Amino acid sequence: MLKFWRENKIAGLLVTIVRFVAGYAWLTAGWHKITGGFDATGFLTAAANNPVMDKATGEAVYPTFTAFLEHIALPNAKIINIAIPWGEFLVGLGLILGTLTVTAAFFGVLMNFMFMFAGTVSTNPWLLLLGFIVILAGANAGRFGLDRYVLPWMHKGLDHLFHNKKNNHPTNDAGLLLK
């Protein structure tokens with residue numbers, strides 16, 4: 001089954017549709033925040049002050065995430081106010097264009113988890129599911145996108161960098177120069 005999602009052209013086409021749907025949702029969400037004067041301070045404060053609680057015990061379900069909000073996110077709200085809208089926009093752009101597709105899906109999934117840890121449901125479970133489908137498909141997710149050109153170019157550049165072919169110096173398996 002995994003081979004189908006990672007190698008089959010029809011699966012690549014299906015994942016392209018999934019990419020477009022998820023990408024459009026991310027792109028428009030980011031664009032509305034970029035152009036609408038987004039400020040996450042109120043959301044972060046509310047999420048830190050009202051964490052997701054276990055109804056049976058009254059304990060916070062994600063205490064580590066609450067600590068992250070209190071000690072890292074809130075003191076750096078100005079950075080968060082830039083990172084979230086531009087992150088959403090770039091995830092959407094990457095998914096729509098099929099550029100660094102798996103990386104874009106990974107960061108989309110990461111943002112979905114953060115939003116859900118804060119107690120927000122909205123469209124996050126759907127976007128999470130679509131993101132996992134894109135990640136599952138791997139490089140096939142970008143078959144009908146710019147990854148077709150970008151990934152070989154990147155691999156060639158990284159091979160050149162790590163195997164040091166330009167200088168013809170002997171290297172070990174990790175690409176480290178031998179003396």
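Residues here count as buried under 20% relative accessible area, exposed over 50%, and partly exposed in between (1.4 Å probe, protein chains only). This is a predicted model, where local features need pLDDT of at least 70, side-chain atom pairs count only at pLDDT 80 or more, and totals for chains, interfaces and linings use all residues. Residues are numbered from 1 along each chain as its sequence is written, and side-chain values use heavy atoms, with hydrogens and water left out.

Let's start with helix α5, residues 77-97 (helices are DSSP runs of H or I, at least four residues, numbered from the N terminus). Its 21 residues should span 30 Å at 1.5 Å a residue, and the end C-alpha atoms agree, being 30 Å apart. Among its buried residues are N81, P85, E88 and F89. The buried residues of α5 pack (heavy atoms within 4.5 Å) against α2 (9-35), α3 (41-49), α4 (63-73), α6 and α7. Just after α5, G98 has a positive phi of about 70°.

Two residues other than glycine also take a positive phi:

| Residue | Phi | Loop | Relative accessibility |
|---|---|---|---|
| L100 | near 50° | between α5 and α6 | 36%, partly exposed |
| S122 | near 45° | between α6 and α7 | 59%, exposed |

Next come α6 (residues 101-117) and α7 (residues 124-137), which pack at about 150° with their axes 9 Å apart. The pair is therefore roughly antiparallel (an angle over 145 degrees). On the α6 side, the contact includes F106, V109 and F113, while α7 contributes residues including L128, G131 and F132.

Conventions. Axes fitted to C-alpha atoms, helices over the stretch in contact; angles between N-to-C directions. Helix = DSSP H or I, 4+ residues; strand = E, 2+ residues; numbered from the N terminus. Parallel < 35°, antiparallel > 145°, perpendicular 65-115°, else oblique. Expected span 1.5 Å × (residues − 1).
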